[in-house]
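This short report looks at the inside of a protein, beginning with enclosed space and moving on to the packing of side chains. Please keep the sequence and the structure in view while reading.

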Amino acid sequence: MMDSPLEGQDFPGSLPELRAWFRSDADCVDYLDWLRWPDGFVCPWCADVGDWGVVPGMHRCAGCRRRVSVVAGTVFHRTHTPLTVWFEAAWLMMASKQGVSALTLQRVPEIGSYQTAWTMTHKLRSVMSQSGRDSLSGRVEMDETFIGGSSPGTFGRGAAGKTLVAGTIERRGEGFGRARLQIIADASSASRSDFIRAHVSPGRHSSRMGGPPYPRAAAAIEVHNVKASSQPAHPSLPGVHLLFSLTKRVLEGTYQGSVLPERLRGYLDEFVFRFNRRNSHTRGLLFFRLLESAVAGPPTTSTNLAITHRKSTETPVPPPTPHALPRTLAGTPPERPWRVPRTA
């Protein structure tokens, strides 16, 4: 991952600049090539640096003589959607703090179908995973919340149809640092301990709500039990409750709460991806980091998205007849059509 990329050199700083930089799919391919191999081509099969490629977007390794496509093994693997559309979609997902729904994405760049827009957003979310990131450090807050609508006949913490989500956030003086959100199976000590091991450095301080105490996995963490202190949760844990509030606001506002449990992880990863970069001086840096992850992440096909959660009613049903592919956003500016004399 590149350190300290520069606006105007490594990534565009605005939507007009994005469109000026990437006027064709060839421009997009060259940018992805540079992101994937900033120091020159390296064969993913034999690690040879020799390149006999003469076709833009395609390399031929001088060692094993394999042909390697720039988009092979990335989120864009075997896509039929123009890369100019992909770049615009990535920018829109990162430009808004509230995210963008597939329906909005279909309407703005005029993508051919809702299914295509839905698939694109979920493929991009697949590379925003929180796993593998640096663990949180310093003083952190922890708690759990339920996300999802209520079901008739059952109320409270164990209401059916809701998903239990654990959250943690760093305290930075009066402010807050990085955050993590993860779906957990239950509120048991084992599930909470697994969450700590995955996201918090050992030997740090933690505050959390009441319930079963953290066992051996949290032995090196100082735990402050809010429930035992008889204090309200939100004044004692302002950071993590703000995190939960913002998350639910995005899910309700952008997606109208229609996020099924099977898809919730992707939406949580997307929210955390943007939240942890909220202090970036430009939204273009988020776009850069997303594409950087997209060329490094494994490909996710439309079939995989449907099979992973086959029972999900959110998965769009393929149309009975082939639908039109999105039109490319490439092109040259028209010659001021408003100045052309009108014909009778």
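## The lining of the largest cavity

In this predicted model, the largest cavity is lined by Val250, Leu251, Tyr255, Tyr267, Glu270, Phe271 and Arg274. Sorted by character, these lining residues comprise five that are nonpolar and two that are charged, with no polar ones. Two helices, H8 (238-253) and H9 (261-275), each provide at least two residues of the lining, and H9 gives the most, with four residues.

The space inside this largest cavity comes to about 40 Å³, and the count of cavities of 30 Å³ or more is one. Rolling a probe the size of a water molecule over the atoms is what shows where empty space is left.

## The largest nonpolar core

The largest nonpolar core holds 45 residues, and those with the most contacts inside it are Tyr31, Leu32, Phe76, Trp86, Phe87, Phe287 and Leu291. Two or more residues of this core come from each of helix H2 (25-36), helix H3 (83-95), helix H4 (102-107), helix H5 (114-125) and helix H10 (283-296), and the largest share, 10 residues, is supplied by H3.

Phe87 serves as an example of this packing: leaving aside residues up to four places away in sequence, Phe87 touches Leu18, Phe22, Cys28, Tyr31, Leu32, Phe287 and Leu291.

## A second core

Separate from the largest core there is a second one, made up of 19 residues, which include Ile169, Leu243, Leu268 and Phe275.

Note on methods:
Residues are numbered from 1 along each chain as its sequence is written. This is a predicted model: local features need pLDDT of at least 70, side-chain atom pairs count only at pLDDT 80 or more; totals for chains, interfaces and linings use all residues. Side-chain values use heavy atoms; hydrogens and water are left out. A nonpolar core is a set of buried Ala, Val, Leu, Ile, Met, Phe, Trp, Tyr and Cys residues joined through side-chain atoms within 4.5 Å. Buried means under 20% relative accessible area, exposed over 50%, partly exposed in between (1.4 Å probe, protein chains only). Contact means heavy atoms within 4.5 Å. On a 1 Å grid over the protein atoms alone, a cavity is a set of points where a 1.4 Å probe fits but cannot get out, and a pocket is an open set with protein on both sides within 12 Å along at least five of seven lines; lining residues have an atom within 4 Å of a point. Grid points are joined across faces, edges and corners, and a volume is the space filled by probe spheres set on the points. Ala, Val, Leu, Ile, Met, Phe, Trp, Tyr, Cys and Pro count as nonpolar, Asp, Glu, Lys and Arg as charged, and the others, Gly among them, as polar.
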